[in-house]
Amino acid sequence: DDINVVLKITNKDVNYPIPADDEKPTTTGRTYYSVDGTPGSWNDLGQYSTPCDAAIRLRVSNNNPPNNPTISGETSGKAGTSYDYDFISTDQDGDKVSYYIKWGDGKETDWTPFQNSGIKFTKNHTWNEEGEYSIEAKARDIYGTESNWTKLEVSMPKDKVITNNQG
């Protein structure tokens, strides 16, 4: 059982700004449909056959959340240096995923663009002060179902000064 939403939009007399799809602009008097409503997923059915402006059909079933993302990258470094971190989540249903990232220093990366399940997403970050930080991330599929948060502890320790007092 899958959750599928099929949207059918008919533009009778006006080129409405829906479907919002940069890749396929709408044409007056044509009918469009999409399985998930994402850009690039709209298909042109041709000349409209009913005098409606929109029709929605729902088929309801189960949608599984993406797996909790794995976070990998440096766990110790120097404040003021940029480090790359990899985020990977697999969706059991094969849905595309997006990531929300908290860097532990008050900065956050809002939901990333959707990408294929199981593909590594890399993002860099710089901590400007020494300290201990927790990177937290969660994944969301195209239907809005979210994983749990995962964490990676990161340390930006103070530099140690070693003096040699021989004499």
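This is a short walk through one predicted model, from the chain as a whole down to a few residues.

I'll start with the overall content. The chain has 167 residues, with eleven strands and zero helices. Read from the N terminus, the elements are therefore just β, repeated to the end of the list. Buried residues account for 32% of the chain. If you take contacts between residues at least 6 apart in sequence, 55% of them join residues at least 24 apart.

Next, confidence. The average pLDDT over the chain is 77, and 57% of the residues reach at least 70. Two stretches should be pointed out. Residues 13-26 have pLDDT below 50, although in the model this stretch makes 27 contacts beyond near neighbours in sequence. Residues 48-52 are also below 50, and there the corresponding count is ten contacts. I will leave both stretches there and go on to the sheet.

Four strands make up an open sheet, ordered β8-β7-β10-β11, with antiparallel pairing. Which strands stand at the edges? They are β8, residues 108-109, and β11; each has a single partner strand, so one side of each has no neighbour in the sheet. Going through the pairings, β7 and β10 run antiparallel and are joined by six bridges. In that pairing Tyr-99 is opposite Ala-139 of β10. Between β10 and β11 there are seven bridges, again in the antiparallel sense. Gly-131 faces Met-156 in β11 across the strands. As a general point, side chains in a regular strand alternate between the two faces of the sheet.

Now the core. The largest nonpolar core contains 18 residues, and the ones with the most contacts inside it are Tyr-85, Phe-87, Ile-101, Trp-127 and Ile-135. Strands β6, at 82-88, β7, β10, at 131-141, and β11, at 150-156, each contribute at least two residues to this core. The strand that gives the most is β10, with four. What does Ile-135 contact, leaving aside neighbours within four places in sequence? The list includes Tyr-85, Phe-87, Ile-101 and Trp-127, which were just named as well-connected core residues. It also includes Ile-71, Lys-102 and Trp-103, and then Thr-150, Lys-151, Leu-152 and Val-154.

On to the aromatics. The count is nine aromatic pairs. In one of them, Phe-87 and Tyr-99, the ring centres are 6.3 Å apart and the planes meet at 40 degrees, so the pair is tilted. Phe-87 belongs to strand β6 and Tyr-99 to strand β7, twelve residues apart, and the pair links distant parts of the chain. Both Phe-87 and Tyr-99 are buried. They also belong to one aromatic cluster, together with Tyr-85, Trp-103, Phe-121, Trp-127 and Tyr-133.

Staying with Tyr-99, one of its contacts is Ser-89. Ser-89 is in the loop between β6 and β7. Is Ser-89 buried or exposed? It is buried, because its relative accessible area is 1% and the limit is 20%. Apart from neighbours within four places in sequence, Ser-89 touches Pro-66, Asn-67, Pro-69, Val-97, Tyr-99, Ser-117, Gly-118 and Ala-139. Of these, Ala-139 has already come up, as the residue in β10 opposite Tyr-99.

Last, Lys-102. It is in strand β7, which covers residues 97-102. Why does Lys-102 count as partly exposed? Its relative accessibility is 28%, which lies between the 20% and 50% limits. Glu-136 is 34 residues away along the chain, but the two C-alpha atoms are separated by 5.0 Å. Beyond the four nearest places in sequence, the contacts of Lys-102 are Lys-107, Glu-108, Ser-134, Ile-135, Glu-136 and Trp-149. The contact with Ile-135 ties Lys-102 to a residue that was listed earlier for its contacts inside the core. As for Trp-149, the charged end of Lys-102 sits over its ring, 4.6 Å from the centre. A second case of a charge over a ring is Arg-140, which lies over the face of Trp-111 at 4.0 Å from the ring centre.

That is the tour: an open sheet in the order β8-β7-β10-β11, a nonpolar core of 18 residues, and Lys-102 with its charged end over Trp-149.

Key
Residues are numbered from 1 along each chain as its sequence is written. This is a predicted model: local features need pLDDT of at least 70, side-chain atom pairs count only at pLDDT 80 or more; totals for chains, interfaces and linings use all residues. Side-chain values use heavy atoms; hydrogens and water are left out. Buried means under 20% relative accessible area, exposed over 50%, partly exposed in between (1.4 Å probe, protein chains only). Contact means heavy atoms within 4.5 Å. pLDDT is the predictor's confidence in each residue, from 0 to 100. A nonpolar core is a set of buried Ala, Val, Leu, Ile, Met, Phe, Trp, Tyr and Cys residues joined through side-chain atoms within 4.5 Å. Two strands pair if DSSP finds at least two bridges between them. Rings of Phe, Tyr and Trp (its six-membered ring) pair if their centres lie within 6.5 Å; planes under 30 degrees apart count as stacked, over 60 as edge-to-face and the rest as tilted. A charge sits over a ring if NZ of Lys or CZ of Arg is within 6 Å of the ring centre and within 35 degrees of the ring normal.
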